[in-house]
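Student: Please take a close look at the largest pocket, and set it in the context of the whole chain.

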Amino acid sequence: MSVLDNWDQWKGFLSERLQQAEQEGMNQQVVNDVAYQVGEYLAQQVDPKNEQERVLADLWKVASEEEQHAIANMMVKLVKNNQGM
C-alpha cells in the first residue's frame, strides 16, 4: 500500500518528514518552501489516491501561486497540530 492511498498515513508521512527537517535545523521558511515544492510535484505528477487528496489537487489547480503557498503552509500546520508539535 502506498503512503498516498490513505489520508492518515499521508499525514503521518508528512509529519515524520517535517520532524526530520526540523531536527536537521531547517527553519520554518525552508520547511514551507519544501512543502510548496512537494505540493507542486504532486499536483503535476501524481494522481490523487483518496478524496482528501483529490480536494487538495483541485484546489491547487485553481489557486494562484500565493494561494498554493498558503495551502502548503496549512498542510505543514495541519501535521504539526495533529502530532502535537
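Tutor: The accessible surface of the protein comes to about 5700 Å², and carbon and sulfur atoms hold 49% of that area. Accessible areas come from the Shrake-Rupley method with a 1.4 Å probe, and for residues only the protein chains shown count as cover. The model is predicted: local features need pLDDT of at least 70, and side-chain atom pairs count only at pLDDT 80 or more, whereas totals for chains, interfaces and linings use all residues. Residues are numbered from 1 along each chain as its sequence is written, and side-chain values use heavy atoms, with hydrogens and water left out.

The setting of the pocket is an α-α-α-α pattern along the sequence, with 4 helices and 0 strands; helices (H or I, at least four residues) and strands (E, at least two) are DSSP runs, numbered from the N terminus. The C-alpha trace spans about 30 × 30 × 20 Å along its principal axes. The radius of gyration is 12 Å, which agrees with the value near 12 Å for a compact globule of 85 residues; the radius is taken over C-alpha atoms, and the globule rule is 2.2 Å times the number of residues to the power 0.38. Of the contacts with a separation of 6 or more, 69% join residues 24 or more positions apart, a contact being heavy atoms within 4.5 Å. Buried residues make up 32% of the 85, where buried means under 20% relative accessible area, exposed over 50% and partly exposed in between (1.4 Å probe, protein chains only).

The largest pocket itself has a volume of about 660 Å³. Its lining comprises 29 residues, of which Trp10, Leu14, Ala35, Val38 and Gly39 are the closest to the centre. Helices H1 (7-23), H2 (28-45), H3 (51-62) and H4 (65-82) each give two or more residues to this lining. On a 1 Å grid over the protein atoms alone, a pocket is an open set of points with protein on both sides within 12 Å along at least five of seven lines, and lining residues have an atom within 4 Å of a point. Grid points are joined across faces, edges and corners, and the volume is the space filled by probe spheres set on the points. By class, the lining has 23 nonpolar, 2 polar and 4 charged residues; Ala, Val, Leu, Ile, Met, Phe, Trp, Tyr, Cys and Pro count as nonpolar, Asp, Glu, Lys and Arg as charged, and the others, Gly among them, as polar.

Definitions and conventions:
1 Å grid on protein atoms, 1.4 Å probe; cavity = no way out; pocket = protein on both sides within 12 Å on 5 of 7 lines; lining within 4 Å.
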